[in-house]
Amino acid sequence: MADSSSSLLPLCERISHKSYILRIVDLTILGLLFSLLLYRIMHMSENDNIWLVAFLCESCFSFIWLIITCIKWSPAEDKPYPNRLDERVHDFPSVDMFVPTADPVREPPIIVVNTVLSLLAVNYPTNKLACYVSDDGCSPLTYFSLKEASKFAKIWVPFCKKYNVRVRAPFRYFLNPLVAIDDSVFSKDWKMTKREYEKLCRKIEDATEDSHWLDADEDFDAFSNTKPNDHSTIVKVVWENEGGVGDDKEVPHLVYISREKRPNYLHHYKTGAMNFLLRVSGLMTNAPYMLNVDCDMYANEPDVVRQAMCVFLQNSKNSNHCAFVQFPQEFYDSYTNEFAVLQSYLGRGVAGIQGPIYCGSGCFHTRRVMYGLSSDDLEDNGSLSSVATYEDSLVRKYGSSKEMVKSVVGALQLKSYPQKSLINFIEAAQEVGHCHYEYQTSWGNLGWLYDSVAEDINTSIGIHLRGWTSSFVSPDPPAFLGSTPSVGLEAIVQQRRWATGAIEVLFNKQSPLIGMFSGKIKFRQRLAYFWVLMCLSSIPELIYFLLPAYCLLHNSALFPKGPCLCITATLVGMHCLYSLWQFMNLGFSVQSWYVAQSIWRIIATSSWLFSIQDIILKLLRISKIGFVIAKKTMPETRSVYESSQGEDDVPKSDLGKFEFDSSCHFIPGTFIMLVNLAAIARFLVRLQRSSCSHGGGGSGLAEACGCILVIILFHPFLKGLFEHGKYGIPLSTLSKAALLTVLFVGFSLRI
């Protein structure tokens, strides 16, 4: 219970990052865009149809920049003070931690184990924590790994808390050698702990290669004759904290679950798994707060739970009811620098309106809100104002399980949950995991929302529509760290799923396109959700990448002439310098900025283009949208991420490396590169023949510079033309792109 004494310092405070200089820069770029559009309108009759195409593309870019400017207008974040928590809170609230996984091949169990171990070891009373792992692939290997990890946790958790270890994922902590110190006790414990971790890794590796251990343990009978998409519900208590006093030597609860899945039943991918986690945790521990992280996002800050509680407990005494606390998704891969910049500026920008958008990982939720509670259902002091209304319809909303209804009532009324053995709830947990349990209920309209593979954006907008706020906390060091797929097909496939899900949100009942002024969401917050329209910008971007080449081949003008050309030049220059400043302001190098710009653009253009294709096929009922899991890998040689997100862990020689294969995802980028190379070659031939002139509206140096800029942006494809192996463009991809290039060049010259 929090102490309400007004004499005590606040647990958190709102920090504003308002900058009038940045506002002026944003408005200047917006003004230049509008000036360019005005110039095109005034000279539309003097030019051919290519002028109209350019105008439409630039109109799209202007609209997107307008939205971005609105988002970034009043950036803010919450700064927690966890050191003040002990003097303000006498009884810490419980927290349930969710870790979803679905494929032991693409998401190796050793990665899941490290994430779980980092969560079990956070600085928070162990009797107030419970970790639930949802295995949607129903893998006995994952369960075996968790059982072995629970044994190691009895060594790892006390070791971390005894010596105040900062990095609490073992695979990252033990990357650095032991520093020679005089403390022989620490040295002895360190070596013993590392030795035990190496044993754990060997056991998991051996189990991966040889499955005979399954037959020797009756605990694995539930996994016999099961398939990833055809199996019964499995709920197993891996470890139960029976001490219950929160001692540093204790280990929190650890529960393995796998919901029932049948071939002919919809299971809603990760979203359905998250709702099953919500129900099972509600039955067993029913904590008022929940943390969900991806299986490869380990807790990098030991005090992360305490930081989130500072925000929740501070806001619980006022009308600014906070539904969730979002920590930025940060990675130890250099190729995600662009993503880090977006979160730093756009994430803080949205946080200054009604709150950040839920990002699917590294987020603390309030259970009452996930059960569908609206901000109107609460009194000013946070108490529930309409309990009777909820009790009358609980069965219709939450299902027929009596234990489930009982837990929902307790959660809505913030009643403390009586401590019982978790094993007593296994039967009830299995019941709420049946594939038909959600039929004729409100699941999917409460909890994590269905109708999109981007469950995070969909759920986020549903929460904000009900009038809730959210909080953005960006500590240093980062609260959570994860890995991203290798720069190539895996990265494009992951981005394709995100983009497809974002576009799905535009067409469902919570779309920001519908009812701009409806609901309890602020107007600028709804505009922030329009940022998902960035997915649709791939079409005008792709066209714009080809326009300079087309104009060179067709001998027509694309950019303004004379002094008005300065509009375009200033716009490009300001945008480049602005983005470079954003990178360097966060500690990144110029080289990482250049690589991030090109890599991000390639991945974004390819993934967004194919996501639009997925949506069209879905709307035409030709195919359904699947949930593709990105492959996770373990780093072997990178150093531990100590503090600044600007550190580059990838060797400089590897920067800019892009992996190719014969997938169709690489055809657009190869096509763009070849077309612009052909246009430059054509321009040089004309230049040698002294036939290049702006007279008569022809193309010239400005268009050639545009082609060169595109080539620089797509430099990994240029390098791929001369590389071999996985870094070289396959002949099949090259031949298809070359055929498209010949058709494009022929079309341009003939017209």
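This passage walks through a predicted model of a protein, from its overall make-up to a few of its helices and strands.

At the broadest level, the protein has 751 residues, and 59% of them are buried. Its secondary structure consists of 24 helices and 13 strands. The accessible surface amounts to about 31,400 Å², with carbon and sulfur atoms contributing 58% of that area. Contacts can also be sorted by how far apart the partners lie in sequence: taking those between residues at least 6 apart, 83% join residues at least 24 apart.

Helix H7 is a good place to begin a closer look. This helix covers residues 184-209, and its 26 residues should span 38 Å at 1.5 Å a residue; the end C-alpha atoms are indeed 38 Å apart, so the expected and modelled lengths agree. A number of its residues are buried, namely Phe-186, Ser-187, Asp-189, Trp-190, Thr-193, Tyr-197, Leu-200, Ile-204 and Ala-207. The cover over these buried positions of H7 includes three other helices: H4 (109-120), H5 (140-162) and H6 (170-173).

Strand S4, residues 129-135, offers a view of the interior. Because 7 of its 7 residues are buried, the strand is largely enclosed by the rest of the structure. Cover is found on both faces of S4: one side carries Leu-129, Cys-131, Val-133 and Asp-135, while the other carries Ala-130, Tyr-132 and Ser-134, and all of these are buried. S4 also has a parallel pairing with strand S3 (residues 95-101), made over 7 bridges. Within this region, Met-97 stands opposite Cys-131 of S4, one of the buried residues just named.

Another group of strands forms an open sheet of 3 strands, arranged in the order S8-S13-S10 with mixed pairing. Strands S8 (298-299) and S10 (330-331) stand at the edges; each has a single partner strand, so one side of each is left without a neighbour in the sheet. The pairing of S10 with strand S13 (residues 480-482) is parallel and runs over 2 bridges. Here Glu-330 is placed opposite Leu-481 in S13.

Finally, the surface has a nonpolar patch to look for. Val-53, Ile-539 and Ile-543 make up this patch, and together they have about 200 Å² of accessible area. Of these residues, Ile-539 belongs to helix H18, which covers residues 538-554. Is Ile-539 buried, partly exposed or exposed? Its relative accessibility is 39%, and therefore Ile-539 counts as partly exposed, since that class lies between the limits of 20% and 50%.

Notes: Residues numbered from 1 in each chain as written. Predicted model: local features only at pLDDT ≥ 70, side-chain atom pairs only at ≥ 80, totals over all residues. Heavy atoms only, no water. Patch = residues over 30% accessible without salt bridge, like charges linked within 9 Å, V, L, I, M, F, W, Y side chains within 5 Å. Areas by Shrake-Rupley, 256 points an atom, 1.4 Å probe, with all protein chains shown as cover. Salt bridge = Lys/Arg side-chain N within 4 Å of Asp/Glu carboxyl O. Helix = DSSP H or I, 4+ residues; strand = E, 2+ residues; numbered from the N terminus. Buried < 20%, exposed > 50% of the residue type's maximum accessible area, 1.4 Å probe, protein only. Contact = heavy atoms within 4.5 Å. Expected span 1.5 Å × (residues − 1). Pairing = 2+ DSSP bridges.
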